[in-house]
Amino acid sequence: MKIGELAKQSGLTPHTIRYYERIGLLPRAARDHARQRDYDATILSWIEFLGRLKATGMPIRDMLRYAELRARGVATEPERRRLLERHREAVRAHVAALQDCLLVLDGKIAGYAGSSERTNDDDAISARPIHDDERHAIRRQPRSRSPGARPARAR
């Protein structure tokens, strides 16, 4: 399939596909007689997997390492497994930290359904404090933007 069709099916832009290919996240595409990229449909599952790694906050250097190991074949499976196990632990820690935050939000929302008498201490809901490693896990998560939103410009 051509790059436009791959972009449509994967949800990536052609620019992103070319970038991923250039840095090594995607294997180099075969070229047709007109020297245009011609992708095999099996690349869609790899792109979906990369998307999941990205969505779970895996650093691009680890994604690149995984892609490099994958390209080297079956002999690298133990190392790929270790890399994914480490990432799974980071994801679990992040999910746990987010669950704690969700509990605080639920408590705060429930508080608005209660008494009309408030003090300045109402925002101090008792919950387990967030530790530095959890704060880091929460901060690492990519921010989602609403459709059409522009990224903040550097000042």
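**Notes on helix packing and aromatic contacts**

1. Helices H3 and H4 run roughly antiparallel to each other (angles over 145 degrees count as roughly antiparallel, under 35 as roughly parallel, 65 to 115 as roughly perpendicular and the rest as oblique). Their packing angle is about 150 degrees, and the axes are 11 Å apart; axes here are lines fitted to C-alpha atoms, for helices over the stretch in contact, with angles from 0 to 180 degrees between N-to-C directions. H3 and H4 make a right-handed crossing, that is, the near helix is turned clockwise from the far one by less than a right angle (left-handed if anticlockwise). On the H3 side, Trp46, Phe49, Leu50, Leu53 and Lys54 meet Met63, Tyr66, Ala67 and Arg70 of H4, contact being heavy atoms within 4.5 Å.

2. A word on the model before going further. This is a predicted model, in which local features need pLDDT of at least 70 and side-chain atom pairs count only at pLDDT 80 or more, while totals for chains, interfaces and linings use all residues. Residues are numbered from 1 along each chain as its sequence is written, and side-chain values use heavy atoms, with hydrogens and water left out.

3. Now the overall plan. The chain has six helices and two strands, which are DSSP runs numbered from the N terminus (helices are H or I of at least four residues, strands E of at least two). Along the sequence they follow the pattern α-α-β-β-α-α-α-α. Of the 155 residues, 23% count as buried (buried is under 20% relative accessible area, exposed over 50%, partly exposed in between, with a 1.4 Å probe and protein chains only). Taking contacts between residues at least 6 apart in sequence, 48% join residues at least 24 apart.

4. H4 has a second packing partner. Helix H4 (residues 60–72) packs on helix H5 (residues 77–112) at about 160 degrees, with 9 Å between the axes. That angle makes H4 roughly antiparallel to H5. The crossing of H4 and H5 is left-handed. Asp62, Arg65, Tyr66, Leu69 and Arg70 in H4 meet Glu79, Arg80, Leu83 and Leu84 in H5. Tyr66 and Arg70 are thus worth finding on your screen: both are listed where H4 meets H3 and again where H4 meets H5.

5. The loop between H4 and H5 holds Thr76. Is Thr76 buried or exposed? Thr76 has a relative accessible area of 6%, so it is buried. Apart from neighbours within four places in sequence, Thr76 touches Leu69 and Arg70.

6. How does H1 sit against H3? The axes of helix H1 (residues 3–10) and H3 come within 10 Å and cross at roughly 45 degrees, so the two helices are oblique to each other. H1 passes H3 in a right-handed crossing. Leu6, Gln9 and Ser10 of H1 meet Ile43, Leu44 and Ile47 of H3.

7. Leu12 follows on from this region, in the loop between H1 and helix H2 (14–23). Setting aside neighbours within four places in sequence, Leu12 is in contact with Ala7, Ile17, Tyr20 and Ile47. The C-alpha atoms of Leu12 and Gly51 are 9.6 Å apart, with their positions 39 residues apart along the chain.

8. On to the aromatic rings. Rings of Phe, Tyr and Trp (its six-membered ring) pair if their centres lie within 6.5 Å; planes under 30 degrees apart are stacked, over 60 edge-to-face and the rest tilted. By this rule there are four aromatic pairs. One of them is Tyr19 with Tyr20, a tilted pair at 6.1 Å centre to centre and 45 degrees between the planes. Tyr19 is partly exposed at 33%, whereas Tyr20 counts as buried at 10%.

9. Trp46 and Phe49 form another tilted pair, with centres 5.9 Å apart and planes at 35 degrees. Both lie in helix H3 (residues 43–55), three residues apart, about one turn of the helix. Trp46 is buried at 5% relative accessible area, while Phe49 is partly exposed at 26%. Together with Tyr66, Trp46 and Phe49 form one aromatic cluster. Arg70 lies over the face of Trp46, 3.9 Å from the ring centre (this requires NZ of Lys or CZ of Arg within 6 Å of the ring centre and within 35 degrees of the ring normal).

10. Finally, a backbone point. Arg35, in the loop between strand E1 (30–31) and strand E2 (37–38), has a positive phi near 65 degrees. Most residues other than glycine have a negative phi. Arg35 counts as exposed, at 60% relative accessibility.
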